[in-house]
Amino acid sequence: METETIKEAKSFVDEVAAEPGGEKINECIQCGVCSGSCPTVEWWQYPPRKIIAMIRAGKRDMVLSSTSAFNCVTCYSCTVRCPRNINPTQLIHAVEAIAEREGYKPKTPTLTLHRGLRDAMMQGRVWELRLAMLFYLKTSLLEGMKMMRVAWDLISRGLMPLLPPKQTKKGGKEVTAILKAVEAMQKSGGAK
Ligand code: SF4
Ligand code: SF4
């Protein structure tokens, strides 16, 4: 039983270490500087330091089904302060990437927004009004209603177009090519 637990821990930590950004996970000294530096930590189910500890303990399902990693705003505070140069920012994104790839669906509006933004980018241009409407339809209609005043202020001042932006075929193809190149780099471990 104990051997099984050690095996599970080893395989999950190896899995994270194989992702771009996860390589130095075994060098973490659990000092907690990353958690103490994180501006969004109050919303994390498990703070960054604990996520690293849980990965090393083999808590795969708990880590991947948690909403924690999706609260990272990529501010890099943890990365510039980490005494071991672990790059917690990228490590947390590695966890996000595994969770996304494996079809985990942590219940967080951040994931809905992330997916909406990614899909909008795939079409070449982001139409903010559509993105906002889809986001509130999928998360909370009530919150969406509350934001209508803000939306109207933005629209009436010309800060949020009512109509979709013009797209060119060429532009759309270029964005798709860029995103495919990024995906290929990530798979080959080249984008760190
Ligand atoms: S700051 Fe670096 S060494 Fe300290 S707990 Fe976070 S990742 Fe580990
Ligand atoms: S990069 Fe992410 S994990 Fe690191 S401090 Fe900023 S929000 Fe927190």
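Two helices, helix 2 (33–37) and helix 3 (48–56), each contribute at least two residues to the shell that surrounds ligand 1. The model in which this shell appears is a predicted one. In total, 14 residues stand around ligand 1, and those that come nearest are Cys-28, Cys-31, Val-33, Cys-34 and Cys-82. When the shell around ligand 1 is sorted by class, it has ten nonpolar, two polar and two charged residues.

The second ligand may be examined in the same manner. Around ligand 2 there are 15 residues, of which Cys-38, Cys-72, Cys-75, Cys-78 and Thr-89 come nearest. Two elements give two or more residues to this shell, namely helix 5 (77–81) and helix 6 (88–101). Helix 6 provides the largest share of the shell around ligand 2, with three residues. The classes of the shell around ligand 2 are ten nonpolar, five polar and no charged residues. The shell around ligand 1, by contrast, includes two charged residues.

With the surroundings of the ligands described, the chain as a whole can be considered. The protein chain has eleven helices and zero strands. Read from the N terminus on, its elements therefore form the series α-α-α-α-α-α-α-α-α-α-α, in which every element is a helix. The C-alpha atoms of the protein chain fill a box of roughly 60 × 40 × 35 Å, taken along the principal axes. The protein chain has 192 residues, and 20% of them count as buried. Among the contacts in the protein chain with a separation of 6 or more, 64% join residues that lie 24 or more positions apart.

The next matter is how particular helices are placed against one another. Two packed helices are described by the angle between their axes and the distance between the axes. Helix 3 and helix 6 pack at an angle of about 55°, and their axes are 11 Å apart. An angle of this size lies between the limits of 35 and 65 degrees, and therefore helix 3 and helix 6 are oblique to each other. The crossing in which helix 3 passes helix 6 is left-handed. On the side of helix 3, the contact is made by Pro-48, Ile-51 and Ile-52, while helix 6 supplies Pro-88, Leu-91, Ile-92 and Val-95. The residues of this contact divide into seven nonpolar, no polar and no charged. Both helices have already been mentioned: helix 3 supplies at least two residues of the shell around ligand 1, and helix 6 gives three residues to the shell around ligand 2.

A further pair is formed by helix 7 (residues 109–122) and helix 8 (residues 128–138), which pack at an angle of about 145°, with their axes 10 Å apart. The crossing of helix 7 and helix 8 is right-handed. Helix 7 takes part in the contact through Thr-112, Leu-113, Gly-116, Leu-117 and Ala-120, and helix 8 through Leu-131, Leu-134, Phe-135 and Lys-138. By class, the contact of helix 7 with helix 8 has six nonpolar, two polar and one charged residues.

One residue of helix 7 deserves a separate look. Pro-109 is found in this helix. Within 10 Å of Pro-109 there are 15 other C-beta atoms; a buried residue would need 20 or more and an exposed one 12 or fewer, so Pro-109 is partly exposed. Pro-109 also illustrates how positions separated along the chain can be related in space: Pro-109 and Asn-71 are 38 residues apart in sequence and 9.8 Å apart in space, taken from C-alpha to C-alpha.

Definitions and conventions. Residues numbered from 1 in each chain as written. Chains lettered and ligands numbered in written order. Predicted model: local features only at pLDDT ≥ 70, side-chain atom pairs only at ≥ 80, totals over all residues. Near = placed C-beta within 6 Å. Helix = DSSP H or I, 4+ residues; strand = E, 2+ residues; numbered from the N terminus. Nonpolar A, V, L, I, M, F, W, Y, C, P; charged D, E, K, R; others polar. Axes fitted to C-alpha atoms, helices over the stretch in contact; angles between N-to-C directions. Left-handed = near helix turned anticlockwise from the far one by under 90°. Contact = placed C-beta atoms within 7 Å. Parallel < 35°, antiparallel > 145°, perpendicular 65-115°, else oblique.
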